Structure formats: structure tokens, C-alpha cells
Amino acid sequence: MLSFQTKIKLNDGYEIPIVGFGTIRVPDEAIIMAIEAGYRLLDTASMYKYNESGTGDAVASGIVKREDLFVCTKLWTTDIRERRTREAFFESLKKLKTDYVDLYLIHWPAEGFIEAYQEMEKLQKEGYIRSLGVSNFRKHHFEELFEKTSVIPVVNEMETNPGFQDLETMEFCRKHNIVLEASAPLGEGRYVNMEELQSYARKYNKSVPQIILRWLLQKDIIVVPKSTKKERIIANADLFDFELSEEEMNYIDSLNRMERSYADPDNFNF
Ligand SMILES: NC(=O)c1ccc[n+]([C@@H]2O[C@H](COP(=O)([O-])OP(=O)(O)OC[C@H]3O[C@@H](n4cnc5c(N)ncnc54)[C@H](OP(=O)(O)O)[C@@H]3O)[C@@H](O)[C@H]2O)c1
């Protein structure tokens, strides 16, 4: 049975919590609130507006032991293009106030991502990174990566929500034992009042965001919802006292309209 404490085993043997806290555009206090509410996976990135140093303050606060947290950060596109993976990684590590990260991701498949990943493999061997992963990769990015690197990514963090389900990439990742992690699980907020899910919300006495997050969890997809508000931070992890039926799962699957809430990995300009 799923619980807030459930972890998924990664293809390298480490384990990742199934519910994490997304830190984009959140004030530092929200990260502390999330840890106090029981979140252990913190999803941050070096990109502007992501809260890497706030995450570091929360890690250093000692509310919970470092080894009980799962800290994920990401290498930004300009660092990939400028071949400064190693420098960027140590800048992140310093902000995170820790001596290793649990998971380091290529944030977007920018030109140079192969060399970046090769450098990440070295950093992993040196003991600074537990697990290597990627974000916003599609099948052809993986195929290119597999040809030239040796460590299979443990995770692909990619947009997944009722309105956008990239089935081809999801199937490819499952086949290669790469865990899926949904970014923007609520479509950056656009699905929080989704009309089609109101009846399920009433039936289970839950909110639409809770229905969506539960749907993702039942598909073995990790969720990292973000909220700045304490009651929502708590509610977004309160997902374990109900279960969607197969029919309800299929219905939410059917809402896919391939409408992205943010950029396309094959056509981005940052
Ligand atoms: N790898 C990538 O490229 C990438 C891209 C995008 C996102 N991400 C990750 O995914 C995380 C989440 O994505 P996101 O922040 O873009 O969007 P999201 O989690 O899909 O949605 C966040 C929005 O929904 C609102 N919200 C959250 N919980 C709610 C609830 N229970 N009831 C009503 N409204 C609620 C939030 O507002 P309030 O804050 O006002 O509550 C916010 O406006 C990010 O923090 C980041 O870690 C990764």
C-alpha cells in the first residue's frame, strides 16, 4: 500500500521518495514548512527563480538529518552549452550546504548535454553525486545518450499532467527502468479546478489537485507539487486514504490533449 513514506527503488539501487516538494518560485519558509510537513525529497535547480540556496538553508537547518533528505538539483542549459558542468555543480553544492547531492539532473537537453553527462559520471565516481538523471528528455535524446555514456539515468523528470502525457517517452523510460517524475503535475496551476475531475473530488472528499496527484502516484510516477501555502503543502501530500478505480484511472488518462504547460524539449530557446 502506498504511503507518504513509500520510496521507489532506482536502477542504481538507491531509493527515492514518491512525493517531493517542488521549490520553483517558493519563499524559503515554504521549504521549511514542507520538511516539517514530512516531505523528504526536495526538488530544486540552479536556474534563476529556483530556490537552491533556500533549499541549502533548509538542509543545513538540521530539522531532519541530512541522510534522511533526498536532495535533487539540476544543471542549467547555459552551463551545458558553455561546458562548465564541473564549476556549475560545485556552485550548486556550495549553495546546498552539503557535500553530496542525491540526484543531479541535466535540466534540458541543450547542445553539449553528452559532454555534460560524461562530466557528471566523473563527479559521481568522485562521490559527489549518488544518482544521475535527466529532465525533459525524449526518446531520441536517450538514444543519443546511451550511445556515448555508460550510466543509465535513474529518472526522467518531464511534464506530466492530465492535459499532457507524452506516452512514447513514458513507455521508453519504463522499458529502460528509468523512473518517471512529473514536473508541473498540476499544469502550473491550470488544472487545479479541472471541471472533468470535480465529481471524483466530491466522491472522495478530496480536492482536484489531490485527485491528479493520486492518479500520478498510482501510475508509479513521482510527484513534486509546489505550493507557497502551508495548507496546500500539507494537502498535496495527503494522498493515501483513498484509491482511484481502474475505470477512474483510465478516464483521467483519456483527458490527454498533448497540451504542454511549458516548453517543448525539441524546441526551446533558453
Ligand atoms: N524539470 C523541469 O524542467 C521542471 C519544469 C517545471 C516544474 N518543475 C518542477 O515541478 C515542480 C512543480 O511544478 P510547477 O510549480 O510548475 O507547477 P504545479 O505544481 O503543476 O502547480 C503549481 C501551481 O498550483 C498551485 N497549487 C499547488 N497546490 C495546490 C492546491 N492544493 N490547490 C490549489 N492550487 C494549488 C500553486 O499555487 P500556490 O503556490 O499559490 O499554492 C501554483 O500556482 C516545480 O517546483 C519544479 O520542482 C520542473
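**View 1. T160 and the residues it touches in this predicted model.** Setting aside neighbours within four places in sequence, T160 is in contact with M170, A182, S183, A184, P185, L216 and I221. If you want to find T160 along the chain, look in the loop between β8 and α7. With a relative accessibility of 2%, T160 counts as buried, because the cut-off for that class is under 20%. One of the contacts listed for T160, P185, comes back in the ligand view below.

**View 2. The open sheet and its two edges.** Here eight strands line up in the order β3-β4-β5-β6-β7-β8-β9-β10, and their pairing is parallel. The edges belong to β3 (20-22) and β10 (222-223); each has a single partner strand, so one side of each is left without a neighbour in the sheet. At the β10 end, the partner is β9 (residues 179-183), and the two pair in the parallel sense over two bridges. To see where they meet, pick out A182, whose bridge partner in β10 is V223.

**View 3. Helix α7 against β8 and β9.** Helix α7 (residues 167-175) packs on the sheet and touches both β8 (155-159) and β9. The direction of α7 makes about 170 degrees with that of β8. How many of the residues of β8 are buried? Five of its five are, and the strand is described as mostly covered. On the strand side, β8 is joined by two bridges to β7 (residues 129-135), and this pair runs parallel. Within that pair, V134 of β7 stands opposite N156 of β8.

**View 4. The ligand and its polar contacts.** There are 29 residues around the ligand, and those that come nearest are D43, L186, S227, K229 and R232. Two backbone contacts go to ligand oxygen: a backbone N or O atom of P185 lies 3.3 Å from an oxygen atom of the ligand, and a polar backbone atom of G187 is 3.2 Å from an oxygen atom of the ligand. Which side chain has an N or O atom 2.9 Å from a nitrogen atom of the ligand? That side chain belongs to N236. As for cover, the ligand on its own has 900 Å² of accessible area, and the protein covers 89% of it.

**View 5. K97 and T98 in the loop between α4 and β6.** This loop follows α4 (85-96) and leads to β6 (101-106). K97 is worth a look in your backbone plots: its phi is positive, about 55 degrees, although K97 is not a glycine. Is its neighbour T98 buried or exposed? T98 counts as buried, at 13% relative accessibility, whereas K97 is partly exposed, with a relative accessible area of 41%. A polar atom of the T98 side chain lies 3.2 Å from the backbone oxygen of Y100. Leaving out residues up to four places away in sequence, T98 touches V59, R66 and L93.

**View 6. N205 in the loop between α8 and α9.** N205 sits between α8 (198-204) and α9 (208-218). Phi of N205 is near 55 degrees, a positive value in a residue other than glycine. With a relative accessible area of 71%, N205 is exposed, because that class begins over 50%.

Terms used:
Residues numbered from 1 in each chain as written. Predicted model: local features only at pLDDT ≥ 70, side-chain atom pairs only at ≥ 80, totals over all residues. Heavy atoms only, no water. Pairing = 2+ DSSP bridges. Helix = DSSP H or I, 4+ residues; strand = E, 2+ residues; numbered from the N terminus. Contact = heavy atoms within 4.5 Å. Axes fitted to C-alpha atoms, helices over the stretch in contact; angles between N-to-C directions. Near = heavy atom within 4 Å. Polar contact = N/O pair within 3.5 Å; in protein donor to acceptor, adjacent residues only side chain to side chain. Areas by Shrake-Rupley, 256 points an atom, 1.4 Å probe, with all protein chains shown as cover. Buried < 20%, exposed > 50% of the residue type's maximum accessible area, 1.4 Å probe, protein only.
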